[in-house]
Amino acid sequence: MTDVYVSNHGQMADCLQGLRVVDLTRNLPGPFATRLLADLGADVLKIEPKQGDPARVFGKLFAALNHGKTTEQYDFHDPKAIDSIKAHLKNADMMLDSFRPGILADIGLDAKTLHTINPKLVMVSITGYGVAGNDKKEESHGKEGVHLEGAYLEDAHLKDNSQVIHHWSDKAGHDINFMAMSGVLDQLKTAAGGQAMPNIQFADLAGGSDTAVIALLAAVFAAHRTGKGRHIAISMTHSLYNHMVMPKVTGKLINRLSGDTSATPPMPQHDFLGGALPCYRLYQTADLRYMAIGALELKFWQGLCEVLDLPALKNIHWQLGVMPTTPESQTATRTMAKTFASQTLEHWQGVFAATDVCVTPVLNLHEAKAHPLFAHQDEHHTTSGWQQIN
């Protein structure tokens, strides 16, 4: 089989050559962001506290996130160490941190101070819920509050959780909390309506890492043009909320197409792309695995019906006016479910291997690692998401 994806770690590694990054972040969101920058050729200096990045206990995860970076360790409470960090920042293009709002000022690495020594420096702070005011220092929990990703509370002088939280930016949280508050977690429903527990850190990676990289590159481009840097706060919660562009409108679409005049949106598992349509959903196989059906357009649905020898279903499609609330559509769903349940995943993989109707098996992680799509993954099981064509 011809591989369809070629690794581009080497091909794209010249894009950010000469870009100097100082990374003060820990755990997952920040290190993954600077891993992406390093893959594109940036020179990344990772600065850890004396006790090291907490992610070091995960071994291979830490290596996957931080290989190829220069690493130094400092005591963030030592003024001499802060001076050493400032020396690195004097000639840097960008700095990332994941401290709680106010901590940078407490340790002497705030934007006002740093822009005095490097006006072009771009600073990005990855936070859980953003900051209060316009980069103003909030009421601090104390200088001991250097935190982990997701604002994990580790203030040594706080013996309980009875302190008053004046703003969301003060609150501790992790990926699951940011997903919950953004509304994204509620969108992950089972077919029966139960709440699914995600095993992928969508807030950390999409809301944090990817959003931070976009902001960094945009701000550095502006700094090279204007000579002025800036300090940007990334809110993982707000970024995730912004990603819900489809659910914000598709519920109303389903109601309108179904003749429902109420203002109540459908449950996520009954939304347009959440399982309402027989042409776009998961179907269980005989061995309790799943096939993913993405035949959203009429031509793919009709092609799917031909492959399954179900000609009676070819015109039962939303583009022909057959809405998911109609008996015809619900019958089509039941027929599809019965058909896929009659054979194993392996059988259906063989059936659809040579077709082009948007039908794929739901692979587990082991199967995905072994698939030809990912034949060029590196020793860290990484493949870049970009592909240089010429």
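This is a guided tour of a predicted model, one selection at a time.

**Before starting**

The model is predicted, so local features need pLDDT of at least 70 and side-chain atom pairs count only at pLDDT 80 or more, whereas totals for chains, interfaces and linings use all residues. Residues are numbered from 1 along each chain as its sequence is written, and side-chain values use heavy atoms, with hydrogens and water left out.

**Stop 1: the whole chain**

Display the full protein chain and colour it by secondary structure. The chain comes to 15 helices and 9 strands; these are DSSP runs, helices being H or I with at least four residues and strands E with at least two, numbered from the N terminus. Of its 390 residues, 43% count as buried. Buried means under 20% relative accessible area, exposed means over 50%, and partly exposed lies in between (1.4 Å probe, protein chains only). Among the contacts in the chain with a separation of 6 or more, 67% join residues 24 or more positions apart; a contact means heavy atoms within 4.5 Å.

**Stop 2: the sheet**

Select strands 1 to 6 next. In what order do the strands of this open sheet stand? The order is 3-2-1-4-5-6, with parallel pairing. Two strands pair if DSSP finds at least two bridges between them. Strand 3 (70-74) and strand 6 (230-235) stand at the edges, each with a single partner strand, so one side of each has no neighbour in the sheet. On average, neighbouring strands of this sheet are turned by 20° against each other, direction ignored. Axes here are lines fitted to C-alpha atoms, for helices over the stretch in contact, and angles run from 0 to 180 degrees between N-to-C directions.

Now restrict the view to strand 5 (residues 122-127) and strand 6, which run parallel and are joined by 6 bridges. Within this pair, Ser125 stands opposite Ala233 in strand 6.

**Stop 3: helices on the sheet**

Add helix 1 (residues 29-39), which packs on the sheet and touches strand 1 (20-23), strand 2 (43-49), strand 4 (94-97) and strand 5. The direction of helix 1 makes about 165° with that of strand 1. Then add helix 8, which lies across strand 4, strand 5 and strand 6 and runs at about 160° to strand 6.

**Stop 4: helix 8 against helix 9**

Keep helix 8 (residues 202-226) and show helix 9 (residues 236-243). At what angle do the two pack? The angle is about 95°, with the axes 8 Å apart. Helix 8 and helix 9 are therefore roughly perpendicular to each other. Angles under 35 degrees count as roughly parallel, over 145 as roughly antiparallel, 65 to 115 as roughly perpendicular and the rest as oblique.

Show the side chains where they meet: Phe202, Ala203, Asp204, Ala206, Gly207, Gly208 and Thr211 belong to helix 8, while Met236, Ser239, Leu240 and His243 belong to helix 9. The residues of this contact divide into 5 nonpolar, 5 polar and 1 charged. Here Ala, Val, Leu, Ile, Met, Phe, Trp, Tyr, Cys and Pro count as nonpolar, Asp, Glu, Lys and Arg as charged, and the others, Gly among them, as polar.

**Stop 5: His115**

Select His115 in helix 5 (residues 111-117). His115 counts as partly exposed, at 21% relative accessibility. Leaving out residues up to four places away in sequence, His115 touches Leu121, Met123, Gly229, Arg230 and His231. His231 is 116 residues away along the chain, and the C-alpha atoms of His115 and His231 are separated by 9.5 Å.

**Stop 6: salt bridges**

The structure holds 8 salt bridges, each a side-chain nitrogen of Lys or Arg within 4 Å of a carboxyl oxygen of Asp or Glu. Begin with Lys189 and Asp186, whose side chains meet at 2.4 Å, N to O. Lys189 counts as buried at 19% relative accessibility, whereas Asp186 counts as partly exposed at 38%.

Next select Glu367 and Arg289, with their closest N and O atoms 2.7 Å apart. This pair links distant parts of the chain, 78 residues apart: Glu367 is in helix 15 (residues 365-370), and Arg289 is in the loop between strand 7 (280-284) and strand 8.

**Stop 7: Gly294**

Finish at Gly294 in strand 8 (residues 290-294). Apart from neighbours within four places in sequence, Gly294 is in contact with Cys279, Tyr280 and Cys358.
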